[in-house]
Amino acid sequence: MFFRRQHKQSPPPAPDDQRPGPELRRRQIENRIRDLRGQIRHSKWWMALFFLLSLGAAADFRFLPPISDQTRQFLGISPSPTLISIALIIYAFSALILILGRMNTSSTRFRGWSHIAYLAGFYLFYFYSGDLRENFWPVFIAGLTILGLESYRVWSFCSEAIREEEKMLKFLER
Amino acid sequence: MFNRFAAKAIVPVTLSLTGFVIICSLFLYSSIKKDLLKDAVQQETSLAATVVSSTRYTMMTGDREQLYHIIDSIGTQKGVEHLRIFNKEGVIMFSSDPAERNQVVDKTTAGCIECHSGPKPTVRLGSMRLARRFVNAKKHNVLAITAPIYNDAHCAAGSCHFHPTRQKVLGTLDIGLSTASLDRRLLALRWKMVIFCLMVLILSVGGTSALLRHNLLNPIDRLMNYVKKLARGDIDNDYPKGIREVETLGRIYLKMAKERHKAETKLLKVRETDNEVKP
């Protein structure tokens, strides 16, 4: 998960006599490959979590206890569904722009968790306003697009990095 | 397949564009649907108000026969699924369906619960909250409005029959219209939006692919073939042209190949001279 940070903070190349031996280098490469594969796996888990959340939303969160009048009084009036929809459009637009922008950097970190939190927030806001059934599909499509793009970005960079690391591994084994 | 340059360039653009267009289309559809429903409810409310005001006089005079005729003739109009008038106790006094007369309605059903959810029934509700959509026994989609018939000075002081002034609501008119035409319009709108999304998808994928192919992939292919030719020792001055960057690369490769060729020729000459000197 913190592969990029480790990458950035890597020390300058050591002089020849202090360089790690082939065994240590092999282990380092294997660790990096494991990290990268972990990132791809991570993105799949987050996607699965989003699908689970969406399943709950599709069922109108019937498994949750109904919101009591006291809680409603404490939380106050919900924003209108139109306002929530405008917020969702602005969020989807900004998230897509940010992910497309992040494609220019070689970051292999999956940043889907924050999107899951935002999307869960939208589901809950619509649920609280009593308009979730009507607005389930826009939130689901937004989540699918944002998390799909983020997963594709991570998969694309990680698989490229894995290929490079495997090449180095083969070179070391020769 | 996804590791290819074209896929890397096309997938993110297509995914983000299509996803965003679908989200916006869904919101647009939902907003148009809401507007159309609001219009239908308003039309139905004014129709209910027309029915109430046109039957008011017959109600005041207690001319039941006349009222039955009015309800019957409105009920047979095209698109009218039902028309009923309930009294305060929820008994259907007049209905376009004679079988329903003198039946008691369940106050917890849709259309009644909106006012009867609390311990005291709500006297006034907005038109949107008085409307309900359901599928009736004939399997028709229905949009129904319940319009309260309020007490007024004429009713309270009527000579024929008397309603106390404290009684706010005398009864309820319930009219249900078929939503077949609205559903048809919404279905057509849905298909138009699906076609629009598909067109955006085709245009974005097709446009990006065509532009990439023309401006990047084909010139890179030509450059690759040219470099392979140079690597075989086949010096060709006709390097790929069209894109500035590709042209520059082609020129540099040509220069490198010429220099290598010159160096090889020089080396060969030196070897030949060496062989001649060493008999």
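Colleague: Which residue does A:Arg32 form a salt bridge with?

Modeller: In this predicted model, A:Arg32 pairs with A:Glu165, and their closest N and O atoms are 2.9 Å apart.

Colleague: Where do those two sit in the chain?

Modeller: A:Arg32 is in helix H2 of chain A, residues 22-58, and A:Glu165 is in helix H6 of chain A, so the salt bridge ties together parts that are 133 residues apart in sequence.

Colleague: And how do H2(A) and H6(A) run, parallel or antiparallel?

Modeller: Their axes cross at roughly 170° and come within 9 Å. H2(A) and H6(A) are therefore roughly antiparallel.

Colleague: What sort of residues make up the contact of H2(A) with H6(A)?

Modeller: That contact has 24 nonpolar residues, along with seven polar and eight charged ones.

Colleague: How many salt bridges are there over all chains?

Modeller: The structure holds 18.

Colleague: OK, switching helices. At what angle do H4(A) and H6(A) pack?

Modeller: About 10°, with the axes 10 Å apart; H4(A) covers residues 81-102. Anything under 35 degrees counts as roughly parallel, and H4(A) and H6(A) are therefore roughly parallel to each other.

Colleague: Which residues make the contact?

Modeller: From H4(A), they include A:Leu88, A:Tyr91, A:Leu96 and A:Ile99. On the H6(A) side, A:Val139, A:Ile146, A:Leu149 and A:Arg153 are among them. By class, the contact of H4(A) with H6(A) has 13 nonpolar, three polar and three charged residues.

Colleague: Now chain B. Which helix of chain B packs with H6(A)?

Modeller: Helix H1 of chain B, residues 5-61, packs with H6(A), which spans residues 132-173. The angle is about 170° and the axes are 9 Å apart. That makes H6(A) roughly antiparallel to H1(B). The residues of their contact divide into 14 nonpolar, seven polar and four charged.

Colleague: How many residues of each chain are in contact?

Modeller: On the chain B side 17 residues, and on the chain A side 26.

Colleague: And what area do the two chains bury between them?

Modeller: About 1,800 Å², with 73% of it on carbon and sulfur atoms. On the chain B side, B:Phe20, B:Ile23 and B:Phe27 lose the most area to chain A, together 31% of what that side buries.

Colleague: How many salt bridges are counted between chain B and chain A?

Modeller: Two. One salt bridge joins the side chains of A:Glu134 and B:Lys33, at 3.7 Å from N to O.

Colleague: How many residue pairs in polar contact between the chains?

Modeller: The count is zero, with both residues required to be at pLDDT 80 or more. As for residue classes, the side of chain B that touches chain A has ten nonpolar, four polar and three charged residues.

Terms used:
Residues numbered from 1 in each chain as written. Chains lettered and ligands numbered in written order. Predicted model: local features only at pLDDT ≥ 70, side-chain atom pairs only at ≥ 80, totals over all residues. Heavy atoms only, no water. Axes fitted to C-alpha atoms, helices over the stretch in contact; angles between N-to-C directions. Helix = DSSP H or I, 4+ residues; strand = E, 2+ residues; numbered from the N terminus. Parallel < 35°, antiparallel > 145°, perpendicular 65-115°, else oblique. Nonpolar A, V, L, I, M, F, W, Y, C, P; charged D, E, K, R; others polar. Contact = heavy atoms within 4.5 Å. Buried area = accessible area lost by both parts, 1.4 Å probe. Salt bridge = Lys/Arg side-chain N within 4 Å of Asp/Glu carboxyl O. Polar contact = N/O pair within 3.5 Å; in protein donor to acceptor, adjacent residues only side chain to side chain.
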